[in-house]
Amino acid sequence: MFYRSMVLAAVALTLACAPAVAQDSKSAPGAKVYFLNLKSGDVVSNPVVVKFGLTGMGIAPAGLQGDATANTGHHHLLIDKELKGEELTQPIPADDTHVHFGKGQTEATVTLPPGQHTLQLVLADWTHIPHNPPVMSERVTITVK
Ligand SMILES: [Cu+2]
């Protein structure tokens, strides 16, 4: 019984601490993330190579923490998605439309269904939570042949 309570307390404590940690990841003033090789209106073919640009902050793999990761993050590619409001203070989901580059990758190759798609880059900290204020690229609209 005692151990069970301890486990529940530990879980509760972890959940309670998560938002506090998140608020500590400030972005660097003027930091920018952007697409190096894509802009709105581009017509592309599969597979689509997407190159990530970043100035004013650095890249660090997900999961690393400590002073060394100040002013760093890893890239996320949003495909036909947007993050708004509360979503910007929580870990970015991981699925086909929210792609994480937690090893610190700076480019990706994706295959998209033919047609129009929006792409946006979001930098997030080692816990996958966007910085405050968030560092996001413009949303670009491309057409896949
Ligand atoms: Cu992530």
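Here are some friendly notes on the backbone and strand pairing of this predicted model.

1. **Ground rules.** Because the model is predicted, local features need pLDDT of at least 70 and side-chain atom pairs count only at pLDDT 80 or more, while totals for chains, interfaces and linings use all residues. Residue numbers start from 1 along each chain as its sequence is written. Helices (H or I, at least four residues) and strands (E, at least two) are DSSP runs, numbered from the N terminus.

2. **A cis proline at 47.** You may like to begin with the peptide bond from Asn-46 to Pro-47, which is cis, with omega near -10°. Pro-47 belongs to the loop that links strand S2 (43-44) to strand S3 (48-55).

3. **A cis proline at 133.** Please look as well at the bond from Asn-132 to Pro-133: it is cis, and its omega is near -10°. Pro-133 sits in the loop between strand S8 (115-124) and strand S9 (140-144).

4. **Positive phi at His-128.** The loop between S8 and S9 also holds His-128. His-128 is not a glycine, yet its phi is positive, at about 75°. Is His-128 buried or exposed? With 21 other C-beta atoms within 10 Å, His-128 counts as buried. For burial, the cut-offs are 20 or more other C-beta atoms within 10 Å of a residue's own for buried, 12 or fewer for exposed, and partly exposed in between, with C-beta atoms placed from the backbone.

5. **Positive phi at Asp-80.** Asp-80, another residue that is not glycine, has a positive phi near 55°. Asp-80 lies in the loop between strand S5 (72-79) and strand S6 (98-100). Its surroundings hold 16 other C-beta atoms within 10 Å, so Asp-80 is partly exposed.

6. **Strand S5 and its cover.** Moving on to S5 itself, this strand is mostly covered, and six of its eight residues are buried.

7. **Partners of S5.** Which strands does S5 pair with in the antiparallel sense? One is S8, over six bridges, and another is S6, over three bridges. Two strands count as paired if DSSP finds at least two bridges between them. Strand S4 (residues 58-59) is joined to S5 by two bridges, and these two strands run parallel.

8. **Residue pairs worth a click.** For S4 and S5, Gly-58 has Thr-72 as its bridge partner. Toward S8, Ile-79 stands opposite Leu-119. Toward S6, His-76 faces His-100 as its opposite number.
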